Amino acid sequence: MSNNVKIGIVGLGRIGKNHARNLARRVRGGELIAGASPVAAEREWAQTELGIQKLYHTMEELLADKEIDAVWLATPTSFHADQIVAALEAGKHVFCEKPLALTLEECERVMKAAEKQPKATIMIGFMRRYDPAYAEAKRLLDNGSLGTLFRLHCASLDAIDTNGFFVQFAPTSGGLFLDCSIHDIDVALWMTNGAKPVSVSATGIRGMYPGLAACNDVDNATATVLFENNILATFHASRTSHHGDETSLQLVGTESSLSLGVGGTPTSEVNVQKGNANHCDMVVDFFARFEQAFVAEAQAFIDAVKNGDTLRSRLVEACDATRIGVAMREALEQQKIVTFD
Ligand SMILES: NC(=O)c1ccc[n+]([C@@H]2O[C@H](COP(=O)([O-])OP(=O)(O)OC[C@H]3O[C@@H](n4cnc5c(N)ncnc54)[C@H](O)[C@@H]3O)[C@@H](O)[C@H]2O)c1
């Protein structure tokens, strides 16, 4: 019997397939042995593409499988909290895609379930923490190169969507801030070592996708958060980037500043000049931009399970991220400044 961590994945859609490929082919000490999806084509994909034999229609069937040590949730956001609680109650370790939950009540339910399973490892999929560029920014901040941090600007811009995906995806996503900026909120909490938010204001528009009005979502929005210790952070999220995917960060301290990813990521170091223009192809989706980070994240989860590291402080930060995301949405919807207790 191998002592690999045996993993069952739930949800084999856009990101579920990406995780499943990594878990099946690119990690050490873990084994993808099962999957669950209500969609027949997705189960078939897992069998033919990855050779997974145990394929279930529902998460409940997968949770009943005693061979599975850890559950990997890549399901719609609106299911996350209930599914994490169910997986913990079934005695499994849990990885769940971001965000942890869409409301503070859901976060509290997850925290209570986690308290009852003190040995369970729980990780939320904030993979930017495993990206080399973000990790280098954190290293420079921590070694004092920037001096005292007082300003952050984060941007998460999705490439223009020509097939209407984001309009279909929006109703279960929690809206632009909780779906997209949640990564940047986690980055801000990471960079500031969990600074407490003081106040939030926000503005947003539907510039290109009027269909988002049906679920009161927007396609471009900016939020301003004042953190304790006089740290000012701005967060820009967009579904309409004409230059492909951009996930960028700018930090300003008393000694120096740094930036990463501004303007997007070129696919090559080479620029071609022709017809009075400079041609440079850009990375258009985050799977390519964060390929390495997704693999490192999967490896970190498996290592944490094997080492008995429950990652509880990260779970608390994931709750804080939802709290800030909810406040951004409230500030946007009600056009008011939201303050924190
Ligand atoms: N880390 C990132 O950068 C990143 C990127 C994209 C998506 N995500 C997150 O991943 C999650 C999934 O997003 P997606 O884009 O893959 O969505 P998707 O709609 O492509 O996939 C959802 C999957 O869940 C399955 N599913 C639906 N209902 C289910 C149920 N009741 N039980 C089990 N499976 C069910 C669907 O069949 C599908 O396989 C979301 O929470 C999203 O926020 C994270």
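This passage describes the surroundings of the ligand and two backbone features in a predicted model.

The ligand sits in the largest pocket, and the elements that contribute two or more residues to the shell around it are helix H1 (14–25), helix H4 (80–89) and helix H8 (176–191). Residues of this shell are drawn both from domain 1 (5–128 + 293–311) and from domain 2 (129–289 + 322–339), so the ligand lies between the two domains. In total, 26 residues surround the ligand, and Leu12, Arg14, Ile15, Glu42 and Thr77 are the closest of these. When the residues of the shell are divided by character, 12 are nonpolar, nine are polar and five are charged.

Polar contacts to oxygen atoms of the ligand involve both backbone and side-chain atoms of the protein. A polar backbone atom of Gly13 is found 2.9 Å from an oxygen atom of the ligand, while an N or O atom in the side chain of His80 lies 3.0 Å from a ligand oxygen atom. For Ser37, the corresponding distance from an N or O atom of the side chain to an oxygen atom of the ligand is 3.4 Å. Of the 850 Å² of accessible area that the ligand has on its own, the protein covers 84%.

Two features of the backbone were also examined. Most residues other than glycine have a negative phi, and most peptide bonds are trans. The peptide bond from Lys98 to Pro99, by contrast, is cis, with omega near -15°, and Pro99 is located in the loop that joins strand E5 (93–96) to helix H5 (104–116). Asn193, a residue other than glycine, has a positive phi, with a value near 55°; this residue belongs to the loop between H8 and strand E8 (197–205).

Note on methods:
Residues are numbered from 1 along each chain as its sequence is written. This is a predicted model: local features need pLDDT of at least 70, side-chain atom pairs count only at pLDDT 80 or more; totals for chains, interfaces and linings use all residues. Side-chain values use heavy atoms; hydrogens and water are left out. A residue is near a molecule or strand if one of its heavy atoms lies within 4 Å of it. A polar contact is a pair of N or O atoms within 3.5 Å; within protein, one must be able to donate a hydrogen and the other to accept it, and residues adjacent in sequence count only if both atoms are side-chain atoms. Accessible areas come from the Shrake-Rupley method with a 1.4 Å probe; for residues, only the protein chains shown count as cover. On a 1 Å grid over the protein atoms alone, a cavity is a set of points where a 1.4 Å probe fits but cannot get out, and a pocket is an open set with protein on both sides within 12 Å along at least five of seven lines; lining residues have an atom within 4 Å of a point. A molecule sits in a cavity or pocket if more than half of its atoms lie within 2 Å of its grid points. Helices (H or I, at least four residues) and strands (E, at least two) are DSSP runs, numbered from the N terminus. Ala, Val, Leu, Ile, Met, Phe, Trp, Tyr, Cys and Pro count as nonpolar, Asp, Glu, Lys and Arg as charged, and the others, Gly among them, as polar. Domain bounds come from an automatic or database domain assignment.
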